[in-house]
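I opened this entry to keep track of what I looked up, in the order I looked it up. The topics are a pocket, some ring pairs and one acidic residue.

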Amino acid sequence: MLVVAVLLFALSSGVTSLDKLNMCMDAKHHKVEPGPEGQLYSQCAPWKDNACCTANTSQEAHEDHSYLYNFNWNHCGPMREECKRHFIQDTCFYECSPHLGPWIQQVDQSWRKERILNVPLCKEDCESWWNDCKNDFTCKSDWHTGWNWTKDGNKCPSESKCRKWTEVFPTAKDMCEKIWSNSYLYTDLNKTSGLCMQMWFDGPNPNKKVAEYYLENAQHRHTFTPITLIFLTVSTFFVTMLSD
């Protein structure tokens, strides 16, 4: 019976791993399961073959004051279009990606039950995001918390002041890691490495293979493989039988 139990455990572990390669977060606007969405809007279109977002969510991701989170990009004056397009892409990535499983963590928040933590972003995406926003202004380094919320969206806290982007975020690393409470991890990895997640891509989604790499390496570092578990259990079983 013990061997059967271990075999069942190994099988269930394998299923869990597969789920983490194709899953949606338990969050405010995410679908329960990923699937095709043929009508995803504009910058969210690369995820249309397999998405955790709906067409309506993808459209709202492009609005300045959308119903998604009522977040005001223009809290320190109008955000330039070259900067805003990165935040639109960031929203598409967050809402639509079905391959964020290795970095999904449980949280106790009113608007979501899960979040992402330390998703390794490709260097090009972080650097271009920061470069295109460096002439804009903001009043906070962590955009998840601490705002003065009104019916018109988020306002800067009274004790803060608007400063140039590069004062708040001196480097691309500062911005990518701080702006959404460590949702992202800055890396020196290029897109050609296959070891970092891409916000911007054309054609087939390259991020599934990246997620698979991190999931497999995490399992190798922290757990026995199912085969090893079976071997150890069977060995213990026979040793016990022989000693009786």
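**Pocket lining**

I began with the elements behind the largest pocket: α3 gives the largest share of its lining, 4 residues. The model I am reading is a predicted one. α3 spans 81-96, and both α3 and β2 (112-116) supply at least two lining residues each.

Next I looked up the volume, which comes to about 510 Å³ for the largest pocket. I then asked which of the 26 lining residues are closest to the centre of this pocket. They are Tyr69, Phe71, Trp111, His144 and Trp180. Sorting the lining by class, I got 13 nonpolar, 6 polar and 7 charged residues.

**Ring pairs**

I searched the whole structure for aromatic pairs and noted 19. I took Phe71 with Trp147 as my entry point: the ring centres are 5.6 Å apart and the planes meet at 85°, over the 60 degrees needed, so I logged the pair as edge-to-face. In sequence the two are 76 residues apart, with Phe71 in the loop between α2 (55-60) and α3, and Trp147 in the loop between β4 (137-138) and β5 (148-150).

Phe71 has a second partner in my list, Trp149. Here the centres are 6.3 Å apart and the planes stand at 65°, so this pair is also edge-to-face. Trp149 sits in strand β5 and Phe71 in the loop between α2 and α3, so the pair ties together parts 78 residues apart in sequence.

Are these rings buried or exposed? I found both Phe71 and Trp147 buried. For Phe71 the relative accessibility is 10%, and the limit for buried is under 20%, so the label follows. Trp149 has a relative accessible area of 44%, between the 20% and 50% limits, so I entered Trp149 as partly exposed.

I then followed the ring pairs outward. They link a cluster that includes Phe71, Trp147 and Trp149, and also Trp73, Phe87, Phe93 and Trp129. Trp180, which I had already listed among the residues closest to the pocket centre, belongs to this cluster too. I also checked for charges over rings and recorded Lys140 over the face of Trp147, 5.5 Å from the ring centre.

**Glu177**

My last lookup was Glu177, which is in helix α6 (residues 172-178). Its relative accessible area is 13%, under the 20% limit, so I have Glu177 down as buried. Which residues does Glu177 contact, leaving aside neighbours within four places in sequence? I listed Asn182, Ser183, Tyr184, Leu185 and Tyr186. Of these, Tyr184 is also named in the ring cluster.

Definitions and conventions
Residues are numbered from 1 along each chain as its sequence is written. This is a predicted model: local features need pLDDT of at least 70, side-chain atom pairs count only at pLDDT 80 or more; totals for chains, interfaces and linings use all residues. Side-chain values use heavy atoms; hydrogens and water are left out. On a 1 Å grid over the protein atoms alone, a cavity is a set of points where a 1.4 Å probe fits but cannot get out, and a pocket is an open set with protein on both sides within 12 Å along at least five of seven lines; lining residues have an atom within 4 Å of a point. Grid points are joined across faces, edges and corners, and a volume is the space filled by probe spheres set on the points. Ala, Val, Leu, Ile, Met, Phe, Trp, Tyr, Cys and Pro count as nonpolar, Asp, Glu, Lys and Arg as charged, and the others, Gly among them, as polar. Rings of Phe, Tyr and Trp (its six-membered ring) pair if their centres lie within 6.5 Å; planes under 30 degrees apart count as stacked, over 60 as edge-to-face and the rest as tilted. Buried means under 20% relative accessible area, exposed over 50%, partly exposed in between (1.4 Å probe, protein chains only). A charge sits over a ring if NZ of Lys or CZ of Arg is within 6 Å of the ring centre and within 35 degrees of the ring normal. Contact means heavy atoms within 4.5 Å.
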